[in-house]
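Q: Please take a close look at one part of this structure, namely its salt bridges, and set them against the fold and the packing of the chain. A connected account would serve better than a list.

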Amino acid sequence: MAQFHVLAVDDSVIDRMLIERLLKTSSFHVTVVDSGSKALKFLGLVEDEMRNEKVSSMATETDQVVEVNLIITDYCMPGMTGYDLLRKIKESNSLKDIPVVIMSSENVPSRINRCLEEGAEEFFLKPVQQSDVNKLKPHLLKTKVKNVDDQTNNIGRIENNNRCYIQN
């Protein structure tokens, strides 16, 4: 079975190393970046709004270069916060179905609620534990099931189209 690919975003070297080790221990394929803008670049999402308008017809082919099954990001980062990253992902047609998990060392209920309302699947308090990482699997399985359903629907359409051609 193919490994799940997790994109981990954190400006702290120590926290990146910790989350990477925890995820790899759980047999995830992990890519780590140190900022929200690098995460968007890795995902193929360019912040320039003009570019998005010009290539909207090619968006499905150009937006996501690498398949990522889940994004886990720190909340408090310089430049683009984890909340900003979450919003950009959820606003993108090609990325909005990727589950996003936010991590923070600060237990601020209003921040937690805001992230969950904006579409985050989970909010983990740092330091992230192995028990937290274990909570990621159901979210990953949801994306796999959705992808399989989409593929099954496409195959059904293709088969129906082939039957039409065969009958005619």
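**Salt bridges in their setting**

A: The protein chain exposes about 9,800 Å², of which carbon and sulfur atoms supply 52%. The model is a predicted one, and what follows should be read in that light. Of the 168 residues in the protein chain, 38% count as buried. The secondary structure comes to eight helices and five strands, which follow one another along the sequence in the pattern β-α-β-α-α-α-β-α-β-α-β-α-α. Among the contacts with a separation of 6 or more, 64% are between residues 24 or more positions apart.

Turning to the part in question, the structure holds nine salt bridges, and one of them joins the side chains of Asp 10 and Lys 126, with an N to O distance of 2.7 Å. This pair links distant parts of the chain, since Asp 10 sits in the loop between β1 (5-9) and α1 (13-25), while Lys 126 sits in the loop between β5 (122-125) and α7 (130-134), and the two are 116 residues apart. Both partners, Asp 10 and Lys 126, are buried. They also belong to a wider arrangement, for Asp 10, Asp 15, Asp 74 and Lys 126 are linked in a network of salt bridges.

A second salt bridge pairs Glu 118 with Arg 87, whose closest N and O atoms are 3.8 Å apart. Glu 118 lies in the loop between α6 (109-117) and β5, whereas Arg 87 lies in helix α5 (residues 82-91), so this pair ties together parts that are 31 residues apart in sequence. Neither burial nor full exposure describes these two residues: Glu 118 has a relative accessible area of 30% and is partly exposed, and Arg 87, at 35% relative accessibility, also counts as partly exposed.

In a third salt bridge, the side chains of Arg 111 and Glu 106 meet at 3.2 Å, N to O. Here the partners fall into separate classes, because Arg 111 has a relative accessible area of 16% and is therefore buried, while Glu 106, with 37% relative accessibility, counts as partly exposed.

The nonpolar packing gives these pairs their context. In soluble globular proteins, nonpolar side chains tend to be buried together. The largest nonpolar core of this model has 24 residues, and the members that touch the most others are Leu 7, Val 9, Ile 71, Ile 89, Ile 102 and Cys 115. At least two residues of this core come from each of β1, α2 (36-43), α5, β4 (100-104) and α6, with α5 giving the largest share, four residues. Helix α5 is also where Arg 87 of the second salt bridge lies. Leaving out residues up to four places away in sequence, Cys 115 touches Tyr 75, Tyr 83, Leu 86, Ile 102, Ala 120 and Phe 123. A second, separate core comprises 17 residues, including Ile 19, Val 30, Leu 136 and Leu 140.

One further residue shows a polar side chain within a strand: Thr 31 lies in strand β2 (residues 29-33) and, with a relative accessible area of 17%, is buried. Apart from neighbours within four places in sequence, Thr 31 is in contact with His 5, Val 6, Leu 7, Ala 8 and Phe 42. Of these contacts, Leu 7 is also a member of the largest nonpolar core.

Conventions: Residues are numbered from 1 along each chain as its sequence is written. This is a predicted model: local features need pLDDT of at least 70, side-chain atom pairs count only at pLDDT 80 or more; totals for chains, interfaces and linings use all residues. Side-chain values use heavy atoms; hydrogens and water are left out. A salt bridge is a side-chain nitrogen of Lys or Arg within 4 Å of a carboxyl oxygen of Asp or Glu. Buried means under 20% relative accessible area, exposed over 50%, partly exposed in between (1.4 Å probe, protein chains only). Contact means heavy atoms within 4.5 Å. Accessible areas come from the Shrake-Rupley method with a 1.4 Å probe; for residues, only the protein chains shown count as cover. A nonpolar core is a set of buried Ala, Val, Leu, Ile, Met, Phe, Trp, Tyr and Cys residues joined through side-chain atoms within 4.5 Å.
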